[in-house]
Amino acid sequence: QVQLVESGGGLVQAGGSLRLSCAASGRTFSSYGMGWFRQAPGKEREFVASINWSGTSTNFADSVKGRFTISRDNAKNTGYLQMNILKPEDTAVYYCATKLTGRGYEYWGQGTQVTVSS
């Protein structure tokens with residue numbers, strides 16, 4: 001199993017930045033792709049960004065392209081989501097998750113709250 005713990009959430013004004021971290025333990029983190037998802041109150045959980053196991057391929061939801069970046073440090077078993085130019089509509093609980101190539105996201109963290117005030 002892989003255990004994931006997110007951190008770095010908080011309250012920020014619109015236009016500000018936050019960096020979320022996802023610390024992994026258990027099985028070899030470097031074997032897994034990683035994704036970030038978010039869920040706003042009353043809404044379905046949605047995809048935000050993903051990165052493959054080696055960090056050479058990334059994908060982003062259209063709503064965050066150009067504002068968010070995703071990265072990972074396999075030596076530290078940690079993934080990151082850098083969020084810039086935050087908007088009130090980015091307010092949500094953010095989750096990280098991991099998956100093996102060709103499979104669905106299997107392991108999930110507990111989430112970290114991000115609140116963007118206008």
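How much area does the chain expose, and what share of it do carbon and sulfur atoms supply? The chain exposes about 6100 Å², and carbon and sulfur atoms supply 47% of it. Keep in mind throughout that this is a predicted model.

**Stop 1: the whole chain**

Show the chain as a cartoon. It holds 11 strands and zero helices. From the N terminus on, every element reads β, through to the end of the chain. Now switch to the C-alpha trace. Along its principal axes it spans about 40 × 25 × 25 Å. The radius of gyration is 13 Å; a compact globule of 118 residues would have a value near 13 Å, so the two agree.

Colour by burial next. Of the 118 residues, 41% count as buried. Contacts also reach along the sequence: among those between residues at least 6 apart, 54% join residues at least 24 apart.

**Stop 2: the four-stranded sheet**

Select strands 1, 3, 8 and 7. They form an open sheet in the order 1-3-8-7, with antiparallel pairing. Strand 1 (2-7) and strand 7 (68-73) stand at the edges; each has a single partner strand, so one side of each is left without a neighbour in the sheet. Look along the sheet to see the turn: neighbouring strands are rotated by 15 degrees against each other on average, direction ignored.

Zoom in on strands 7 and 8. Six bridges join strand 7 to strand 8 (residues 78-83), and the two run antiparallel. Pick aspartate 73: its bridge partner in strand 8 is threonine 78.

Stay there and select asparagine 77, in the loop between strand 7 and strand 8. What is the phi of asparagine 77? It is near 55 degrees, a positive value in a residue other than glycine. Most residues other than glycine have a negative phi. Is asparagine 77 buried, exposed or partly exposed? Asparagine 77 has a relative accessible area of 32%, so it counts as partly exposed.

Then move on to isoleucine 85, in the loop between strand 8 and strand 9. Isoleucine 85 also has a positive phi, near 50 degrees.

**Stop 3: the nonpolar core**

Hide the cartoon and show side chains. In soluble globular proteins, nonpolar side chains tend to be buried together. The largest nonpolar core here has 28 residues. Which of them touch the most other members? Select Trp36, Val48, Phe68, Leu81, Met83 and Tyr94. Strands 1, 3 (18-26), 4 (33-39), 5 (46-51), 7, 8, 9 (92-99) and 11 (112-117) each supply at least two residues of this core. Strand 3 gives the most, with four residues.

Centre on methionine 83. Leaving out residues up to four places away in sequence, methionine 83 touches Gly16, Ser17, Leu18, Leu20, Arg67, Phe68, Tyr94 and Val114. Two of these, Phe68 and Tyr94, are on the list you just selected.

**Stop 4: strand 9 and its partners**

Select strand 9. Seven of its eight residues are buried, so the strand is mostly covered. Add its partners in turn.

- Strand 4 pairs with strand 9 in the antiparallel sense over seven bridges. Find glycine 33; its bridge partner in strand 9 is lysine 99.
- Strand 10 (residues 107-108) pairs with strand 9 in the antiparallel sense over two bridges. Here threonine 98 stands opposite tyrosine 107.
- Strand 11 is joined to strand 9 by three bridges, and they run antiparallel. Tyrosine 94 stands opposite threonine 112.

Keep threonine 98 selected. It sits in strand 9. Why does threonine 98 count as buried? Its relative accessible area is 0%, and the cut-off for buried is under 20%. Show what surrounds it. Beyond residues up to four places away in sequence, threonine 98 touches Val2, Leu4, Phe29, Tyr32, Gly33, Met34, Gly104, Tyr105, Glu106 and Tyr107.

**Stop 5: strand 4 and the hairpin**

Finish on strand 4. Six of its seven residues are buried. Besides strand 9, strand 4 pairs with strand 5 in the antiparallel sense over five bridges. Select arginine 38 and look across to glutamate 46, its bridge partner in strand 5. The hairpin of strand 4 and strand 5 has six residues between the strands. Pick glycine 42 in this hairpin: its phi is positive, near 75 degrees.

Technical notes: Residues are numbered from 1 along each chain as its sequence is written. This is a predicted model: local features need pLDDT of at least 70, side-chain atom pairs count only at pLDDT 80 or more; totals for chains, interfaces and linings use all residues. Side-chain values use heavy atoms; hydrogens and water are left out. Two strands pair if DSSP finds at least two bridges between them. Axes are lines fitted to C-alpha atoms, for helices over the stretch in contact, and angles run from 0 to 180 degrees between N-to-C directions. The radius of gyration is taken over C-alpha atoms; the globule rule is 2.2 Å times the number of residues to the power 0.38. Buried means under 20% relative accessible area, exposed over 50%, partly exposed in between (1.4 Å probe, protein chains only). Contact means heavy atoms within 4.5 Å. Accessible areas come from the Shrake-Rupley method with a 1.4 Å probe; for residues, only the protein chains shown count as cover. A nonpolar core is a set of buried Ala, Val, Leu, Ile, Met, Phe, Trp, Tyr and Cys residues joined through side-chain atoms within 4.5 Å.
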